Amino acid sequence: MARAYGWTVRLLLGFETTYGEAPLAGSFMKVPFISSTLDSEQGLLETSVLGLGRDPTAPFQDVINVEGDLVVPVDLRNIGYWLKGAFGLPVTVGAGPYTHDFESGGISLPSLSLELGMPEVPDFPLFAGVRVNSMAFNFQRSGEAQVTLGLIGQGEIAAAATRDGTPGEAIYTRFSQFQGSIKQGGADLGDVTTASITYSNNLEKVETIRDDGMVAAIEPGMSSLSGSITVRYSDTTLMDAARAGTPIDLELSYTIDANQKLQIIAHEVYLPKPKRSVSGPGGIEATYDFQGAKDDVLGKMLTITLTNDMTDYA
């Protein structure tokens, strides 16, 4: 009896031309991932009917929800597809290497179709009308660089065969945590032990009345940027900015070399004044849970620049 195993699962990604309609074969990319909770669910509602005896009548089906988190590696090429999903098409310049600038504040976002293929069963569920709600990066001293994607979709299409037997595939080149760095004002920010940054599109479901139980659309709300920086307390630079309510800029990046890197630039960040806890004879740490805002001069809150050998992400 065949069984599904995680190591055999294949994730295909395709961008939709029309919301909720999967692209044709030949338009999908095979992309790496680490874990997934993306799936559809349709609950049952208990009947409230009386007058037909003590035993209840059959329950009935509720609406369909497609949501979940997808954890993917931060790699040199494939991460660009997820950035496109979260921000829209980048501005691409260069003649090799190419620089792709993804910026916050876009009015419209692309939708994706994702196929999670389990060939042993066989089962190839296709999740259509998927949009990227959030992206969460975590920086630490060691380990594999990962990003957690919060996804919301319109519906699931069951299938016993794949939509695309010969998908495209980009060369996988991973970033590691030891290749990370954090800068403020263009200079290395010292004594940082951990950092995280989360961008959210705050998507809203358009829940109209329809006979298939699906949502009509998923639209972007007011975007937000949050995160935290934990530092060994060695000077008052960040504390002074927090006390004064003065915004700073932050750059979190992974760098293989000058032609292969990912830079996350928060243009205007506000720091709260944190507690400094002393719990023993060791070093003292302070954690700043920051919030981002739009830089009025630049007209944007966040820019993510990906430098690689991909000509475009159209």
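This section describes the enclosed and open spaces of a predicted model, together with a helix, a group of strands and two buried residues.

The interior spaces come first. In the predicted model, 2 cavities of 30 Å³ or more were found. The largest cavity holds about 40 Å³ of space, and its lining is made up of Phe 87, Met 135, Phe 137, Ile 197, Tyr 199, Leu 225, Ile 264, Leu 302 and Ile 304. Two or more of the lining residues are contributed by each of the strands β9 (126–139), β14 (192–200) and β21 (302–308). When the lining of the largest cavity is sorted by class, 9 residues are nonpolar, whereas no polar and no charged residues are present. The second largest cavity contains about 30 Å³ of space and is lined by Leu 11, Ser 36, Leu 38, Leu 70, Leu 114, Leu 116 and Leu 151. Its lining comprises 6 nonpolar residues and 1 polar residue, with no charged residues.

Phe 87, named above in the lining of the largest cavity, also belongs to helix α1, which spans residues 79–87. Because 9 of the 9 residues of this helix are buried, helix α1 is largely enclosed by the rest of the structure. The buried residues are Ile 79, Gly 80, Tyr 81, Trp 82, Leu 83, Lys 84, Gly 85, Ala 86 and Phe 87, a list in which the charged residue Lys 84 appears beside nonpolar ones such as Trp 82 and Leu 83. The helix is followed by Gly 88, for which the phi angle is positive, near 95 degrees.

Strand β9, one of the contributors to the largest cavity, pairs with strand β10 in the antiparallel sense over 6 bridges. Within this pairing, Phe 137 stands opposite Val 147 in β10, and Phe 137 is also one of the residues that line the largest cavity. The two strands form a hairpin with 6 residues between them, and in the turn Gly 143 has a positive phi of about 110 degrees. Strand β10 pairs in addition with strand β5 (residues 60–73), again in the antiparallel sense, over 8 bridges, and here Glu 67 stands opposite Ile 152 in β10. Strand β10 itself covers residues 146–153, of which 6 of the 8 are buried, so the strand is largely enclosed by the rest of the structure.

Asn 133 is also placed in strand β9. With a relative accessibility of 17%, Asn 133 counts as buried, because the limit for a buried residue is set at under 20%. When residues up to four places away in sequence are not counted, Asn 133 touches Gly 150, Ile 152, Tyr 199, Ser 200, Asn 201, Asn 202 and Leu 203. One of these neighbours, Leu 203, is reached through its backbone nitrogen by the side chain of Asn 133, at 2.8 Å. Another, Tyr 199, is among the residues that line the largest cavity. Asn 133 and Gly 106 are 27 residues apart in sequence, and their C-alpha atoms are 13 Å apart in space.

A second buried residue, Thr 303, lies in strand β21. Its relative accessible area is 5%, and Thr 303 is therefore classed as buried. Leaving aside neighbours within four places in sequence, Thr 303 is in contact with Asp 101, Phe 102, Glu 103, Gln 263, Ile 264, Ile 265 and His 267. With His 267 there is a polar contact from side chain to side chain, at 2.8 Å.

Pockets, the open spaces of the model, were examined as well. The largest pocket has a volume of about 290 Å³ and is lined by 17 residues, of which Ser 104, Gly 105, Gly 106, Tyr 199 and Ser 223 lie nearest its centre. Its lining divides into 8 nonpolar, 7 polar and 2 charged residues. The second largest pocket holds about 250 Å³ of space and is lined by 13 residues, with Gln 140, Arg 141, Gly 180, Ile 182 and Val 192 nearest its centre. Two or more residues of this lining come from each of β12 (180–184) and β14, and β14 gives the most, with 4 residues. By class, the lining of the second largest pocket has 6 nonpolar, 6 polar and 1 charged residues.

Notes. Residues are numbered from 1 along each chain as its sequence is written. This is a predicted model: local features need pLDDT of at least 70, side-chain atom pairs count only at pLDDT 80 or more; totals for chains, interfaces and linings use all residues. Side-chain values use heavy atoms; hydrogens and water are left out. On a 1 Å grid over the protein atoms alone, a cavity is a set of points where a 1.4 Å probe fits but cannot get out, and a pocket is an open set with protein on both sides within 12 Å along at least five of seven lines; lining residues have an atom within 4 Å of a point. Grid points are joined across faces, edges and corners, and a volume is the space filled by probe spheres set on the points. Buried means under 20% relative accessible area, exposed over 50%, partly exposed in between (1.4 Å probe, protein chains only). Contact means heavy atoms within 4.5 Å. A polar contact is a pair of N or O atoms within 3.5 Å; within protein, one must be able to donate a hydrogen and the other to accept it, and residues adjacent in sequence count only if both atoms are side-chain atoms. Two strands pair if DSSP finds at least two bridges between them.
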